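Trainee: Could we go through one strand and the loop beside it? I would like to see how they are placed.

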Amino acid sequence: MRCRAHKFGGSSLADAGRIRHVAGLMLEADETRQVVVVSAMQGVTDALIGVADAAAGGDDWQAALESLRQRHVEAATALLDAPDETHAWLDVQFAQLAELLRAVGLLRQPGRAAFERIQGMGEVLSSRLLHAHLRERGGDYALLDARDVLVVQPGELGVIVDWEESARRLAEWRQVHPQARAVATGFVAGGRDGLPTVLGRNGSDFSAAIFAALFEADELHIWSDVDGVLSADPRLVPEAVSLAAMSYQEACELAYFGAKVIHPQTMTPAIARGLPILMRNTFNPAFAGTRIDAEGGAGGPVKGLTLNTDLALVSLEGAGLIGVPGTAERVFAALHAARISVVMISQGSSEHSICSVVREADADAARNVLLEEFARELSSAQVQGVQVVPGISVLAAVGDGMAGTPGIAAQLFGALARARVNIRAIAQGASERNISVAIAAADQTRALRAAHAAFWLSPQTVALAVIGPGKVGAALLDQLQAALPRLRSEANIDLRLRALATSSKLWLSEHRDSKDWRTRMDEAPIPADLSAIATHLLDTHMPHAAIIDCSASDAVAAHYPQWLAAGIHVITPNKHAGAGPLERHHAIRAAREKSGARFRYEATVGAGLPVISTLRDLLDTGDELIAIDGILSGTLAWLFNRFDGSVAFSQLVREAHALGYTEPDPRDDLSGTDVARKLTILAREAGMPLSLGDVEVESLVPESLRAADRDGFMAGLASLDAPMQARLDAARANGCVLRYVARLQRDGTARVALLELPDDHAFAHLRLTDNCVQFTTRRYCDNPLIVQGPGAGPEVTAAGVFSDLLRVAGSLGARL
């Protein structure tokens with residue numbers, strides 16, 4: 001590398017520690033020749049402008065100036081082993097500034113030269129500090145004051161560089177300063193009149209490009225506090241990514257629409273000389289950053305998204321405009337005469353209206369000049385009026401790869417539609433490098449996130465919320481945490497945990513989180529609020545959102561219709577939705593059909609067993625249901641598989657309770673209600689409008705114990721022993737076994753009861769906690785189809801929920 005130019009922004013030079021870090025980077029750089037262009041220390045330029053304004057307004061400015069002096073003196077003291085010479089120089093500079101400010105205070109109207117001299121002093125000060133520190137560390141650096149070399153003059157589009165004169169002056173300077181490395185002041189320059197001037201806001205980048213060209217550098221590195229150019233503003237889009245490369249044209253487009261990429265003027269010298277620009281992070285120098293050059297490098301069709309804010313729509317409408325030559329020219333000439341910049345224009349092929357987007361501060365002036373320009377047409381009703389709509393933002397999608405790539409506009413508009421963002425106006429250049437849409441300012445963050453998700457995230461990216469991290473929920477979260485890396489790398493399925501909720505606490509996150517979910521739940525400061533979960537998931541604007549309800553709460557299930565209607569997928573083992581009020585069941589199905597959101601509930605029956613999906617497959621392929629018989633409770637299966645008379649039934653109940661097989665109150669299992677809910681779910685899946693109350697249920701809880709509290713029930717368990725032993729003896733006398741069975745017949749008759757079954761029945765020899773469901777259909781009439789396996793336990797239930805989630809996620813790419 002023959003020569004490399006570097007520019008460091010104010011955040012990179014904010015204090016002595018950061019200046020020391022910058023010096024280290026430059027001393028370690030491997031280029032032969034080097035020019036380092038610096039901005040003022042962070043906040044100094046604004047402070048200098050404030051001091052100048054205070055002096056011009058007759059206000060006190062001495063304290064603010066002294067604070068600035070002290071800041072630079074303290075930085076010099078911290079940076080230098082021998083700071084006396086630099087301290088003396090600083091005292092002279094601030095004394096001269098004080099004299100100038102006193103003159104401004106007397107005149108109350110500072111001239112341009114005086115104001116720009118004050119404004120540009122920050123770079124003069126910071127360059128001296130960096131240069132002195134580099135010299136103390138053994139660096140052979142010259143100090144270049146740009147006011148002595150750069151010659152510029154004002155122009156309508158910004159300052160114009162006198163390249164020939166600037167090159168001549170630099171050659172003279174280099175004869176006096178033969179060092180291979182130099183520190184140069186950014187932002188400042190000299191005018192043809194010999195007076196100091198500045199290059200305008202963000203002029204340090206422009207200075208760096210000018211010096212890179214004058215020094216014939218091979219590359220220009222612009223250092224800031226971010227990892228290069230990001231795909232969107234990270235303050236609005238937490239998912240924004242650093243771009244590896246982009247073209248000059250892409251960078252110009254993004255900069256025009258307000259993205260903090262690089263000042264457009266900076267591009268001019270770079271484009272003219274084919275100078276690559278690398279956007280680097282001072283605080284992460286190992287990261288390659290973003291390379292901006294003529295080629296732009298590989299990447300997707302869209303390189304960046306940006307928002308231009310504080311705008312207004314100004315529309316001229318009227319039937320008299322149709323086919324009339326020169327109308328657009330009159331509009332833009334009138335706005336130009338009033339010095340109103342047009343950010344974006346849009347005109348339909350009917351020519352009935354011309355829409356211009358202008359700065360909101362200029363909207364009233366724009367309306368007035370157009371009313372004046374078209375006064376004659378307005379009086380004759382050829383033009384209906386000039387409409388102004390304030391509160392507008394423009395969202396722009398930029399990328400060289402958009403040209404000739406079908407579907408980019410559809411992808412953008414589809415994402416905005418799903419985010420419920422209305423588009424007020426659209427513009428696309430003939431180069432196809434930019435699509436811009438005008439939207440309401442209130443929708444700008446939602447629109448930007450939705451568009452970013454559409455172009456940068458996998459269609460199978462899902463924002464997740466988990467409600468109820470109890471036994472099943474905890475098992476699911478652990479399974480998710482273990483499987484996520486593999487799913488991302490192998491299946492392109494990206495599941496982002498964004499919310500966790502218990503009955504009392506709520507954790508919400510914007511970012512992908514590496515912490516264990518238990519830690520996050522312990523840190524959760526927010527009281528539980530179910531409505532906040534849905535709002536948060538939708539505000540992330542990932543391609544999809546899903547809520548997994550692992551609670552057993554009817555109150556949570558009541559939210560399903562509104563979540564599904566909002567486009568949020570719902571996955572659950574909670575039986576209250578499928579077996580709850582029939583009206584709610586219909587509302588859930590209607591919301592699902594209208595929004596297209598998925599509702600998956602396989603784990604409500606049989607935990608991880610494919611019971612519901614098997615039933616659906618049978619019916620969807622045209623089979624006819626005759627009957628469903630099932631052992632649908634792992635708890636009751638365990639009890640009756642173990643109950644052989646050698647141990648009292650009450651003792652088995654206590655053992656099952658101790659092992660965690662039963663609910664905290666075993667009556668929830670022994671009452672048969674849970675089994676009845678599962679049978680109701682299957683009946684509804686088969687198209688039968690069954691309610692829980694329609695199921696005939698035999699409760700195994702004695703009447704005397706039904707109203708007792710839990711402790712009273714447990715104390716009275718022995719009252720079950722004699723009746724249950726009698727039932728067992730009767731079954732054995734008949735060559736049968738006892739099993740608690742759910743039965744649904746084709747006519748809608750549903751019953752849950754303790755039955756005697758032949759010893760050769762499919763339900764007679766199950767493993768301890770197995771569920772077993774037998775489907776008798778027209779196809780499976782003589783030999784029923786059986787689904788059998790563990791039907792209880794947190795791990796298998798969580799696996800069933802996880803399977804539902806993966807089925808939803810895996811089907812989403814095609815939908816988009």
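**A strand and its neighbours**

Mentor: Strand β26 and strand β28 (residues 736–745) pair in the antiparallel sense over four bridges; two strands pair if DSSP finds at least two bridges between them. Strands (E, at least two residues) and helices (H or I, at least four) are DSSP runs, numbered from the N terminus. This is a predicted model, in which local features need pLDDT of at least 70 and side-chain atom pairs count only at pLDDT 80 or more, while totals for chains, interfaces and linings use all residues. Residues are numbered from 1 along each chain as its sequence is written, and side-chain values use heavy atoms, leaving out hydrogens and water.

Trainee: Which residue in β28 stands opposite aspartate 629?

Mentor: Arginine 743 does.

Trainee: And how many bridges join β26 to β30?

Mentor: Six, again in the antiparallel sense, with β30 covering residues 770–777. Alanine 627 has threonine 776 of β30 as its bridge partner.

Trainee: New topic: where is aspartate 623?

Mentor: Aspartate 623 lies in the loop between α23 (611–620) and β26.

Trainee: What is the nearest side chain of opposite charge to aspartate 623?

Mentor: That is arginine 779, 4.1 Å away; aspartate 623 is buried yet has no salt bridge. Buried means under 20% relative accessible area (1.4 Å probe, protein chains only). A salt bridge needs a side-chain nitrogen of Lys or Arg within 4 Å of a carboxyl oxygen of Asp or Glu. For charge, Lys and Arg count as positive and Asp and Glu as negative, with His and the chain ends not counted.

Terms used
Buried < 20%, exposed > 50% of the residue type's maximum accessible area, 1.4 Å probe, protein only.
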